[in-house]
Amino acid sequence: MPSAISLDRGLHRGLVDGLYLEAMLMADEARTYFDGDGVKEDGLDDPLRRVAFACESLKVTTRLMHVIAWLLSQRAWQRGEIGDVDLSDEKYRLGHASQSDPLLIAGFPFAARALIDASHELYDRVARLQDRLDRMTISLAMPVANPRAPCRIGSTPPFEASASRPPGRCPAQFAANRDEPPIYRRYGTGADARIWSRPAR
């Protein structure tokens with residue numbers, strides 16, 4: 001991504017494997033409940049309630065499938081089947097899942113509400129993990145300033161070295177140090193001459 005590039009591979013593997021096992025068990029439990037006879041026994045005989053129930057069961061399935069697909073992509077990255085750059089592709093990221101309506105599911109049987117809430121919680125955990133991996137990647141990609149790099153402001157030429165200032169340092173980098181003596185430098189000749197001075201405190 002490299003979304004997992006900055007995370008220890010052993011820790012990353014443990015997180016992904018644990019979440020994958022949890023997601024597969026939950027998917028099997030959801031399939032058994034929503035496709036089984038338990039729905040009829042829970043009193044969902046009203047046609048409208050059954051339609052709403054079917055929609056929520058589809059949301060649960062979609063939520064879990066997005067989680068499993070993301071975890072499979074992470075496992076493929078671990079095995080080297082997906083490169084760091086490829087893993088940042090949108091098709092390998094966690095897919096969008098619709099939220100359930102709390103007022104609608106409030107009238108569902110306890111088993112259904114428990115599965116819906118559990119799928120939400122698992123999806124949110126995976127989403128937070130993806131966000132954290134993204135932040136780690138961005139922080140690693142940020143360039144680190146080199147304090148000894150030459151100053152490149154406008155067309156000002158490189159500054160000369162002195163006893164109180166290492167070579168290549170920009171005068172602004174010493175603005176906070178008022179204990180240094182005044183330093184004067186002249187560059188160029190005629191109208192193009194440049195003079196810089198930093199007077200003492």
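**Ring pairs and salt bridges**

Tyr 33, Phe 34, Phe 53 and Phe 108 are joined by ring pairs into a cluster (rings of Phe, Tyr and Trp, the last by its six-membered ring, pair if their centres lie within 6.5 Å; planes under 30 degrees apart are stacked, over 60 edge-to-face, the rest tilted). The model is a predicted one, where local features need pLDDT of at least 70 and side-chain atom pairs count only at pLDDT 80 or more, while totals for chains, interfaces and linings use all residues. Residue numbers run from 1 along each chain as its sequence is written, and side-chain values use heavy atoms, leaving out hydrogens and water.

The structure has four aromatic pairs. In one of them, Tyr 33 meets Phe 53 edge-to-face, at 6.1 Å centre to centre and 65° between the planes. Tyr 33 sits in helix 1 (residues 9–34) and Phe 53 in helix 3 (residues 47–78), so this pair ties together parts 20 residues apart in sequence; helices here are DSSP runs (H or I, at least four residues), numbered from the N terminus. Both Tyr 33 and Phe 53 are buried (under 20% relative accessible area; exposed is over 50%, partly exposed in between, with a 1.4 Å probe and protein chains only).

Seven salt bridges turn up across the whole structure (a side-chain nitrogen of Lys or Arg within 4 Å of a carboxyl oxygen of Asp or Glu). Asp 17 bridges to Arg 75, with the closest N and O atoms 3.6 Å apart. Asp 17 belongs to helix 1 and Arg 75 to helix 3, so parts 58 residues apart in sequence are tied together. Glu 22, Glu 121 and Arg 125 are linked in a salt-bridge network.

Notes: Helices (H or I, at least four residues) and strands (E, at least two) are DSSP runs, numbered from the N terminus.
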